[in-house]
Amino acid sequence: MQSNSGSKREKQDITYRVIFEESTEPKIIIDRDGMIIDANKAFADTFGKKIPDCIGLNAFSLLPADIAGERKKKIEETFLTGQRLVFEDERNNRFYRNSLYPVKNKEGIFDCIYIFAQDITDIRIAEKRTKKQSAFNREAMEAIPGPFVVLDPGGTIISCNSYFRNVVTGKEEDELSGINTFDLFHPDDRALAIAKLENIKENGTEESAEIRVMIHGGPDFRWFRISTKRIIVDNEMFLVSSGTDIEKYKKTEQELIINNEQLLRILYESRTGGWEWDLKTGVNKWTEGIWELYGLARNSWEPSYESWKRSIIEEDREKTEKAIAEASENGLPFKIQWRVRHADASIHWIFCRGLPCMERDGTVSRYLGIVLDVTDLKSAEMKLRESEERFRKFFEQHSAVMLLLDQQTSDIIDANLAAEEFYGWGQDKLRSMNIRNITPSSSDVITDIFDSWKNTEKRCFTTTHSKADGSIREVEVFAQKVIVKDNVLVYCIIHDITERMIAEKKIGKLSVALEQSPAIVVITDPEGCIEYVNSTFTKHTGYTFEEARGKNPRILQSGLMPHEFYEYLWSSILSGKVWHGEFQNRKKNGDLCWEDAIISAIRDENGGITSFVAVKEDITEKKRIWNELVAARDKAEESDRLKTAFINNISHEIRTPMNGILGFSQLLKEQQLSGEEQREYIELIQQSGERMMRLINDIVEISRIDARDTPVELAEIPLNSLLGYLYEKFSADAEKKGLQLTWKSGLSDEESLIITDGAKLELIMSNLLENAMKFTPEGDIDFGCEKKENLLEFYVVDTGVGIPSGMKEKIFERFNQVDNTLSRMHDGAGLGLSITKSYIEMLGGIIHVEPGISGGSRFYFTLPCTPERHTDPVHPVASESPEKPVMTIVIAEDDEVSALLLKKSLKHENINIMIASNGREAVELVRQHPGTNLVLMDIKMPDMNGFEATRLIKQMRPDLLVIAQTAFASPEDREKAFYAGCDGFLAKPVRKSELLDMIRSLNDK
């Protein structure tokens, strides 16, 4: 029978073939000359062919000349190195990753290459989307109406918009690399800018400042209000700064310092947002531009603090009031932003700057300020934040595993949620790890990978990564170098290709595995002619491939399967179903065998059948074992039936003698009985008791045989004397039934001295004679022994009812009788012959039964013929029998009838008897009567059992004899009794002779 591991490999081989053929990826196997050995449907579809048309073609002939030349170089390189080769190309607007795997033959030489192409168009499209997103972000930067720049924490320029390049610096983007933004500020403003920058980095606040910026490197400069905030991208800090040209407002402000009246006039004339606030009087003065900025109709409100406050939308009002109040109370300048709602419901952002005007005494009497509409700037900032958020969400929520690494240190800078799910570590944990923590490769290999980024921008490679649970996964890494503020980072997209790699390795071994498969594989053409068989087919059937090729599989037919069987098989596979069933076939040498087969049709893209594939397993041995199991099951069911019959019979066998014992015991109580009737009733009670005793002994003996607790006691016995004794024992019963009983021994008296277990041999012969007496209503019974070579053959022949031929073996099984019905004419539990057979086998013999010559049955069994042992005769020494000593015996027995029986049995033995009803009383009697010679101890008693009582008595009187007498007769109970200290053991019912013999033997020790 085929092993489970072999069956598993067969199923795997079938799976590999299906994977190869049904894969949507083009796959072929070619030899060193480029000839196609095997191809799948996807490959054939690529070139508009069918699979059989591809087999035998030169793969390079299917390609344009320039591509074919490049492919030949790749093939040669793969054969030369013996290593997998992966490369990418583009065909018909689709991107493919081509994998070449060299495959060894049985001699270990690379003689073919397994090639498959993987469509990675979706990956490339995703990369293009990423580029488009980057372009979108770029356009958003360019849309900001003012300078916009992204800086590293030191102020170095990373990225900027065209306004910054063209208006501020006058340089191209590649010329700005490494320039620090502080170098563009007026020397007098650099300290302020640096202080603001440090505050932003430390507190994360957004800061604004009015800074003079050197235009095209100077000496000309312009005033800009520059707002800067801190952002964190991939766990790295960046600064985003935007500016508003306030050159004209600064000039106006300078003129206001010279002459307030002139300043106000200029503000009114320029319609800019200028204001004055007298702290002492509370009077407000607004320029014409403020009404428009606040979205108020001209002269609809008085220019007052309250009017200004009401123009602020409610959400910003409290915060704005508080900021201005704090500044005015301390006489400090302020810069603040708030929102106002115009009449058309549009929301506008207002930037206000106020400067305190000090009196000669140092007090602040009023504030002057300007107001700007910074809605466009705010919109640009919001677009930037949205762009940043979109990028963050793209990174965080992308289904692919993404990591950002430091090329110098190989530290993990950032990881997305997919990475957390894949590796099993949280994002924060991953950001604190090094790529070496998740790559089992050696440190040198990792170092080489990262060093290679010095000469490349992007790479695709495979490696292994470990997860938090310790498992190792094969991964494919798409990585690209990114330079951020002079730091070289590596952006990685990671795909788990473990299953794909496993599949590829399995497919790579498909051809060899198919040939070496322990399963029988047969492939035929549509007409059923054999095209391919593997080596297992040859080993199994004896037919070589050359002998089987072109033949129909009917060459294997045994002729024992019905014609309808094959009709159903063909109708199933021709209809597209997979047929699964069993054949009884014939091998080349004529031997019959059973095969478990799966047969299916292989169809082309049009649904036409191209071939049939049969995968078969030799199940001859499995069928044999199955038949044995079925037979064993039937035997177990028969045994169960016999046991049920036995239970019914044993109930009858117990109740029948009990009926006689109890019934005649009741009749004995009647006073009118004559002496003859009393003797008759007592005799019947005795017979019923002996019948029950035989049944109990048989059941106990069966238990001892099962427990292997039946010792064989070999000794020299006179066989002729034993046979004569059996004749005397059964002759009276035979005479009563009118049967002729005879015996014969073929041994002389000297030869009849044999070594065996006499007791068991007597029981064997007694059982056979009792059966013969029981089942022989009239005629003869003959028994005896003959010597045949080195064996003694014993026999018991009767002219009784006989035994059916189908029961000759079963009658020796337990609980089995020729007639197990309730209406059977003979009593018995069906254990005698089973015990007899067991004893004979213990003595080294075999028993058989055959029909008698004159009807009836002939039982005979053989035993080894052992030579007699010559020993010096033992002559008994005459001695005078001493007077029986007076003994004192304590009987510990809770059952009054059993206690009385023992007392009556010892009545005439000159013995003083004391009765204890439990173990505690027995211990007390021994204590009170130190002259006690013996204790008869029952085991099961109330208050204190016999085991405990014996232990206490032995502590007082270690030399006092204790005999256990109990209905518990198992070997375990016997062992417990001796362990407790008992000197002897008797099983109930206790016979008087047996009790006296044990008392005498113990006293003689």
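**Close-up views of a predicted model**

**View 1. Pairing between strand 23 and strand 24.** In this predicted model, asparagine 585 stands opposite cysteine 593, a residue of strand 24. Strand 23 and strand 24 (residues 592-603) run antiparallel to each other and are joined over 8 bridges.

**View 2. The open sheet of 5 strands and the helix that packs on it.** The strands follow the order 22-21-25-24-23, with antiparallel pairing, and the edges are formed by strand 22 (530-533) and strand 23 (579-586), each of which pairs on one side only. On average, and with direction ignored, neighbouring strands of this sheet are turned by 30 degrees against each other. Helix 21 (residues 563-574) packs on the sheet, where it touches strand 23, strand 24 and strand 25 (609-618), and the direction of helix 21 makes about 140 degrees with that of strand 23.

**View 3. Helix 25 and its surroundings.** Helix 25 (residues 758-774) comprises 17 residues and spans 24 Å from its first C-alpha to its last, close to the 24 Å expected at 1.5 Å a residue. Because 12 of these 17 residues are buried, helix 25 is largely enclosed by the rest of the structure; among the buried residues are Leu761, Ile764, Leu768 and Ala772. At the start of the helix, a side-chain oxygen of aspartate 757 comes to within 3.2 Å of the backbone nitrogen of alanine 759.

**View 4. Two cysteines, 460 and 982.** Cysteine 460 is partly exposed, with a relative accessible area of 35%, whereas cysteine 982, at 5% relative accessibility, counts as buried. With a cut-off of 2.5 Å between cysteine sulfur atoms, the count of disulfides comes to 0.

Definitions and conventions:
Residues numbered from 1 in each chain as written. Predicted model: local features only at pLDDT ≥ 70, side-chain atom pairs only at ≥ 80, totals over all residues. Heavy atoms only, no water. Buried < 20%, exposed > 50% of the residue type's maximum accessible area, 1.4 Å probe, protein only. Pairing = 2+ DSSP bridges. Helix = DSSP H or I, 4+ residues; strand = E, 2+ residues; numbered from the N terminus. Axes fitted to C-alpha atoms, helices over the stretch in contact; angles between N-to-C directions. Contact = heavy atoms within 4.5 Å. Expected span 1.5 Å × (residues − 1). Polar contact = N/O pair within 3.5 Å; in protein donor to acceptor, adjacent residues only side chain to side chain.
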